[in-house]
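Student: Could you take me through one part of this model in detail, namely the open sheet and how its strands are joined? I would like a connected account rather than a list.

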Amino acid sequence: KRRKALQTDVEMLQKLFSVSNATDAEVYNERVDTLNDEIMKLVARHFSVLASARLARTEEAVPTKIIVTVLAVENLPKTDLMGKCDPFVRIRLDDVQRQTKTVRKVLECSYDQDFFFDWGGRDELQFAVYDENRLEAHELIG
């Protein structure tokens, strides 16, 4: 049920992305503002990661960059023996992947890290939260 709601929201964002390819900078920037609001709503509804993804406003007619800001993670599960977690957030857009710094021994933390991606207009933005493990594979939290 939750996955279906997320898929519906993602499809709506894809439609907005496709109409954001305006040739006039003023029209493009208006569409970007609307799209940024919708992205924030989607992230807030579906992820424990508090993040904002926004398209860079432009004076040019062709959009080229997207800025993703990872703000924080909250309500993380206890994954380590000591009842804490060593979280980091991995962000993927198309074939490009970035990740936040790892914060040790917490169940919530702030990042406030910006990541810049080239944007092709129809790429899929993905967030994943991991618990870092030193001796074995990192554990996917969500």
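Tutor: Two strands are taken to pair if DSSP finds at least two bridges between them, and strands themselves are DSSP runs of E with at least two residues, numbered from the N terminus. With that in hand, and keeping in mind that this is a predicted model, we can describe the sheet: four strands form it, in the order 4-3-6-7, the sheet is open, and the pairing is antiparallel. Strand 4 (96-99) and strand 7 (139-140) stand at the edges, and because each has a single partner strand, one side of each is left without a neighbour in the sheet. As a general matter, strands of a sheet pair through backbone hydrogen bonds, either parallel or antiparallel.

Let us begin at the strand 4 edge and work across. Strand 3 (residues 87-93) is joined to strand 4 by four bridges, the two running antiparallel, and within this pairing Leu93 stands opposite Val96 of strand 4. The hairpin made by strand 3 and strand 4 has two residues between the strands, and in this hairpin Asp94 takes a positive phi near 60°.

On to the next pairing in the order: strand 3 and strand 6 run antiparallel and are joined by seven bridges, with Arg92 having Gln126 of strand 6 as its bridge partner. As for burial, strand 3 is mostly covered, since six of its seven residues are buried, where buried means under 20% relative accessible area.

The last pairing takes us to the other edge. Strand 6 (residues 125-131) pairs with strand 7 in the antiparallel sense over two bridges, and one partnership to look for there is that of Tyr130 with Leu140 in strand 7.

A pocket can be placed beside this account through its residue numbers. The second largest pocket holds about 180 Å³ of space, and its lining includes Asp86, Arg104, Glu132 and Glu136. By class, that lining has two nonpolar, two polar and six charged residues.

Finally, for a side-chain detail in another strand, turn to Thr69, which is placed in strand 2 (residues 65-73). Thr69 has 5% relative accessibility and therefore counts as buried, and its side chain is joined to that of Asp114 by a polar contact of 2.5 Å.

Methods: Residues numbered from 1 in each chain as written. Predicted model: local features only at pLDDT ≥ 70, side-chain atom pairs only at ≥ 80, totals over all residues. Heavy atoms only, no water. Buried < 20%, exposed > 50% of the residue type's maximum accessible area, 1.4 Å probe, protein only. Polar contact = N/O pair within 3.5 Å; in protein donor to acceptor, adjacent residues only side chain to side chain. 1 Å grid on protein atoms, 1.4 Å probe; cavity = no way out; pocket = protein on both sides within 12 Å on 5 of 7 lines; lining within 4 Å. Points joined across faces, edges and corners; volume = space filled by probe spheres on them. Nonpolar A, V, L, I, M, F, W, Y, C, P; charged D, E, K, R; others polar.
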